[in-house]
Amino acid sequence: VYKMSWATYYIARALVSVGLLPGVAPGLAFGTQAPILDWLSAAVDLNFWPEQETERLASRYAFGLTAVSLGLCAEPFASAQVGLLVCGAGWLGSIHAVVFDLQPTAPGDRVWTAASAQLRLYVPLGPLRISLGALAATPFTRHRFVATGRDQTIFQQAVLVGSADLGLGLRF
């Protein structure tokens with residue numbers, strides 16, 4: 001098995017998530033992946049999903065998320081043409097709600113935590129790395145957003161969240 005010369009990668013990724021925010025939510029991630037062992041690396045990402053609007057109960061709302069993830073990535077396979085990473089991470093961030101038509105009862109961000117597992121396929125191109133990933137996450141804090149005087153939930157994250165990403169990394 002070919003092992004690439006390990007170096008730190010700085011990575012920008014376009015994200016598309018389902019179950020994290022209302023509807024299909026686009027986002028961005030910026031991070032780094034640094035070697036620990038020949039087959040193991042540490043990964044840190046700053047993730048941002050802008051507010052996604054939804055209309056519920058005859059009113060407009062929007063929900064967004066900002067989070068940092070810290071994890072480890074194992075590399076079970078790497079060749080000169082392609083490599084595979086298997087990653088696990090813990091997440092800490094804030095989910096934010098915007099109320100357009102009503103008076104919010106408890107405005108502000110809410111702490112959000114999760115754990116995730118991810119598969120990432122990458123193609124090395126000299127100092128560049130193009131990657132395609134699929135992630136599944138379980139939020140530990142699934143806030144239920146409701147309107148005062150109404151029993152229906154405006155929004156609550158799914159028990160299992162899915163995300164896909166396309167990224168470009170630069171090795172130093």
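**Reasoning through a predicted all-strand chain**

Biologist: Why is Asp 45 called buried?

Modeller: Asp 45 has 9% relative accessibility. The term buried applies under 20%, so Asp 45 earns it. Please keep in mind that this is a predicted model.

Biologist: What makes the pair of Arg 13 and Asp 45 a salt bridge?

Modeller: Their closest N and O atoms are 2.7 Å apart. The cut-off is 4 Å, so the pair qualifies. Arg 13 sits in strand E1 and Asp 45 in strand E3, so the bridge ties together parts 32 residues apart in sequence. Side chains of opposite charge can pair when their charged atoms come close.

Biologist: How do you know whether Arg 13 is buried or exposed?

Modeller: Its relative accessible area is 5%. That value is under 20%, so Arg 13 is buried.

Biologist: What makes Arg 13, Asp 45 and Asp 165 a network?

Modeller: The structure holds two salt bridges, and Arg 13 also meets the side chain of Asp 165 at 3.7 Å, N to O. That distance is within 4 Å, so this pair counts too. Arg 13 in strand E1 and Asp 165 in strand E10 are 152 residues apart in sequence, so their bridge ties together those parts of the chain. Asp 165 is buried, as is Arg 13. Salt bridges thus link Arg 13, Asp 45 and Asp 165 in a network.

Biologist: How do you know that Cys 73 and Cys 87 form a disulfide?

Modeller: Their sulfur atoms are 2.1 Å apart. The limit is 2.5 Å, so the pair passes. A search of the whole structure finds one disulfide. Cys 73 belongs to strand E4 (residues 59-78) and Cys 87 to strand E5 (residues 83-99), 14 residues apart. The link is right-handed, with 110° about the S-S bond, and both cysteines are buried.

Biologist: Why is the link between Ser 116 and Trp 91 called a polar contact?

Modeller: The side chains of Ser 116 and Trp 91 are joined at 2.8 Å. The cut-off is 3.5 Å, so the distance fits. Ser 116 lies in strand E6 and, at 12% relative accessibility, is buried. Beyond four places in sequence, its contacts include Cys 87, Gly 88 and Leu 135.

Biologist: Why is Glu 53 called exposed?

Modeller: Glu 53 has a relative accessible area of 53%. Exposed means over 50%, so the label holds. Glu 53 is in strand E3 (residues 40-56) and touches residues including Arg 60 and Phe 100.

Biologist: And why is Tyr 10 called partly exposed?

Modeller: Tyr 10 comes out at 44% relative accessibility. That falls between 20% and 50%, so it is neither buried nor exposed. Tyr 10 is found in strand E1 (residues 9-18).

Biologist: What makes Tyr 10 eligible for the nonpolar patch?

Modeller: Patch residues need over 30% relative accessible area, and Tyr is among the nonpolar side chains that can be joined. At 44%, Tyr 10 clears that bar. The patch also includes Leu 121, Ile 130 and Phe 172, and its residues together have about 1000 Å² of accessible area. Strands E6, E7 and E10 each supply at least two of its residues.

Biologist: How many helices and strands does the chain have?

Modeller: There are zero helices and ten strands. Buried residues make up 40% of the 172 residues.

Definitions and conventions: Residues numbered from 1 in each chain as written. Predicted model: local features only at pLDDT ≥ 70, side-chain atom pairs only at ≥ 80, totals over all residues. Heavy atoms only, no water. Helix = DSSP H or I, 4+ residues; strand = E, 2+ residues; numbered from the N terminus. Buried < 20%, exposed > 50% of the residue type's maximum accessible area, 1.4 Å probe, protein only. Patch = residues over 30% accessible without salt bridge, like charges linked within 9 Å, V, L, I, M, F, W, Y side chains within 5 Å. Areas by Shrake-Rupley, 256 points an atom, 1.4 Å probe, with all protein chains shown as cover. Contact = heavy atoms within 4.5 Å. Polar contact = N/O pair within 3.5 Å; in protein donor to acceptor, adjacent residues only side chain to side chain.
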